[in-house]
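Colleague: I should like to understand one part of this protein chain thoroughly. Please take a single helix pair as the starting point and then place it in its surroundings.

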Amino acid sequence: MQTIDVPEINLPRVIIIGGGFGGMQLVKGLKNKEVQVVLLDRNNYHTFQPLLYQVATAGLEPDSIAFPIRKIFKEYQNFHFRMANVENVDHTIKTIYTNIGSLSYDYLIIATGSKTNFFGNDQIMKYGMRLKTVVQALDVRSLMLQNFEKALLSSEINSRESRMNFVIVGGGPTGVELAGALGELKNHVLPNDYPELDVRRMQIHLIEAGPKLLAGLSYISSDKAVEYLKKLNVNVWLNTRVTDYDGTVVKTNINKTILAKNLVWSAGVMGNAIPGLKDNQFDRAHRILVNEYNEVAEHDSIFAIGDVAAMVTKDTPKGHPMVAPVAMQQGELLAKNLLKRIKGKPQQKFVYHDKGSMATIGRNKAVVEVAKLKWQGAFAWFIWMFVHLISLVGYRNKVIVLVNWLWNYFNYDRGIRLIIRPFVRDKNKKEPVETL
C-alpha cells in the first residue's frame with residue numbers, strides 16, 4: 001500500500017482520527033507547538049451536530065452548520081489535513097491504514113465519535129432513518145417532503161396518513177427537539193404548503209423506552225418538555241419500546257401499532273471505533289476503554305477521546321456522557337498532556353466539569369439546567385439560542401443561523417423545503433456506513 005504524502009520532519013507525529021468536537025479542540029491545543037499534527041476525516045468539514053435536526057426539518061441549510069476544516073486551521077504550522085476513511089490500525093508498527101494509503105505515527109488519537117445503535121434489530125436498521133450526519137439530515141428532509149408529495153397522489157386514506165405520520169424513537173435531546181420542530185411544521189407551515197391535504201390528521205409520535213424524557217435532566221424539566229410537546233400536538237409514549245418496523249407499520253411492546261412511512265431512530269448510540277484493537281479493550285457500547293489520561297489500555301501511544309472513549313472509574317462506572325462538552329474538555333486536556341509527555345513532565349488526570357444541559361422544544365419553549373438552577377420557557381429558549389450561536393464555527397455561519405432563526409420566529413416559516421437530492425432507500429444495506 002502506498003504511503004500518504006505527508007512531509008517527514010524531525011518532530012513527533014500526532015495523528016488525529018476524526019474532525020468532531022474533540023478532534024478539533026485537540027488540534028487547537030497543539031497549534032504551532034513542537035509536533036507535527038495530521039488530521040484525518042471522511043469529510044472535509046466539521047459538523048455542528050446539535051443543529052442537524054433543524055436541517056432535517058427545513059429550518060437551516062447544511063452549509064450553515066458545517067465549516068471547512070482547512071479554513072479553520074489555515075494558519076497552523078506543521079498541520080496537515082487529509083480526507084480519508086481509516087480502515088485499520090497496526091499498533092505493533094505504529095501505522096494506520098486508510099483508503100488513500102498508510103501513515104506511521106508517534107502518537108495516535110482516536111476521536112471518531114459515535115454511530116447509531118439499533119441494538120441488533122436489522123429490520124429497524126433497514127427501514128429507519130438516522131440523524132448523525134449532514135447527509136442523513138438531508139435524507140430525512142427529502143423523505144419527509146417526498147412522502148407529502150406522494151400523499152397528494154394517494155386516494156386510500158391509510159396510505160395517505162401513513163405518509164404524513166412521523167415516529168421518533170428516543171426521548172433524548174435529539175428526539176425531543178426533532179419532535180418539537182415537526183410539531184411547529186404541522187401547525188404553521190405544512191397546512192399552507194399542502195392545502196389539499198388535511199394536515200390535522202398528521203400524527204407525530206415520540207416513543208421513549210424509559211420513564212421520562214431527557215434522562216439527563218430532572219423530572220421538573222422532563223415534565224415541562226412533555227407539556228410543551230403536547231401543546232404542539234405531539235403524542236408522547238413513555239415506558240414504550242419499538243420492537244419492529246417494516247417501513248410502514250411500527251410495532252411496540254405494548255401491542256400498539258402505528259402506521260408511519262417516516263421513522264427516525266435516536267434511541268441509542270455506540271462507539272464508532274476502528275479495527276485493530278483487542279476485543280477486551282471495549283465496553284458494552286463498543287467504546288474504547290481508557291484510563292484517566294485518555295490512554296488506551298496496553299498502548300502508551302494510542303489515545304481515545306469523546307464519544308468513542310469510555311473512561312471507567314470509581315466516580316464514573318459507566319464512563320462519561322456521550323456529549324460534546326466531554327469531548328471538547330478531553331481534547332483540550334490531552335493536547336496539554338501530550339506536550340508534557342513529550343517533555344517528560346507529569347500529566348494531569350481528566351475530571352469532567354458539567355456546565356449544564358439543555359433542550360429546545362420550539363418557539364419560546366426550552367428547558368435549561370445549570371448546576372442547581374433550572375429554567376423553562378422563553379428565557380431558557382434565549383439561553384439555548386445564545387449558547388448554540390456562540391458555539392458555531394465561523395462568523396458567517398453565526399450570522400446565517402441568527403437571520404434564519406429571526407425570520408422563522410416572526411414568520412413561522414421554514415424556507416428551505418427543498419428536495420435537492422431525492423432520497424432512495426437501499427433495502428439491501430445491512431450496516432450503517434458511518435466509519436471514518
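Which residues in α10 meet which residues in α11?

Modeller: The model is predicted, with pLDDT of at least 70 required for local features and 80 or more for side-chain atom pairs, while totals for chains, interfaces and linings use all residues. Residues are numbered from 1 along each chain as its sequence is written, and side-chain values use heavy atoms, without hydrogens or water.

From α10, the residues W381, W384, M385, H388, L389 and I390 meet K398, V401, L402, W405 and Y409 of α11; contact means heavy atoms within 4.5 Å. Sorted by class, this contact consists of nine nonpolar, one polar and one charged residues. Here Ala, Val, Leu, Ile, Met, Phe, Trp, Tyr, Cys and Pro are nonpolar, Asp, Glu, Lys and Arg charged, and the others, Gly among them, polar.

Two packed helices are described by the angle between their axes and the distance between the axes. Helix α10 spans residues 378-391 and helix α11 spans residues 395-411; helices (H or I, at least four residues) and strands (E, at least two) are DSSP runs numbered from the N terminus. These two helices pack at an angle of about 155 degrees, and their axes are 9 Å apart. Axes are lines fitted to C-alpha atoms over the stretch in contact, with angles of 0 to 180 degrees between N-to-C directions. The pair α10 and α11 is therefore roughly antiparallel (over 145 degrees; under 35 is roughly parallel, 65 to 115 roughly perpendicular, the rest oblique).

A further residue, L51, links this pair to the interior. Leaving aside neighbours within four places in sequence, L51 is in contact with W384 and H388, which belong to the α10 side described above, and with V401 and W405 from the α11 side. Its other partners beyond that range are L60, I65 and L392. L51 is also named, with L131 and L229, among the residues with the most contacts inside the largest nonpolar core, which has 64 residues. Such a core is a set of buried Ala, Val, Leu, Ile, Met, Phe, Trp, Tyr and Cys residues joined through side-chain atoms within 4.5 Å. The most is given to this core by helix α5 (residues 134-153), which supplies nine residues. Another core lies apart from it and has 29 residues, including L103, L108, F282 and V308.

A second helix pair offers a useful comparison. Helix α1 (residues 21-29) packs against helix α9 (residues 324-342) at an angle of about 30 degrees, and the two axes are 7 Å apart. Helices α1 and α9 are thus roughly parallel. F21, G22, Q25, L26 and G29 of α1 meet A324, A327, M328, G331, E332, L334, A335, L338 and L339 of α9. This contact comprises nine nonpolar, four polar and one charged residues.

Beyond these pairs, V189 sits in helix α7 (residues 173-193). With 5% relative accessibility, V189 counts as buried (under 20% relative accessible area; exposed is over 50%, partly exposed in between; 1.4 Å probe, protein chains only). Not counting residues up to four places away in sequence, V189 touches E184, Y412, D413, R414 and R417.

Finally, N255 has a positive phi of about 65 degrees although it is not a glycine. N255 lies in the loop between β15 (249-252) and β16 (257-259) and is exposed, at 74% relative accessibility.
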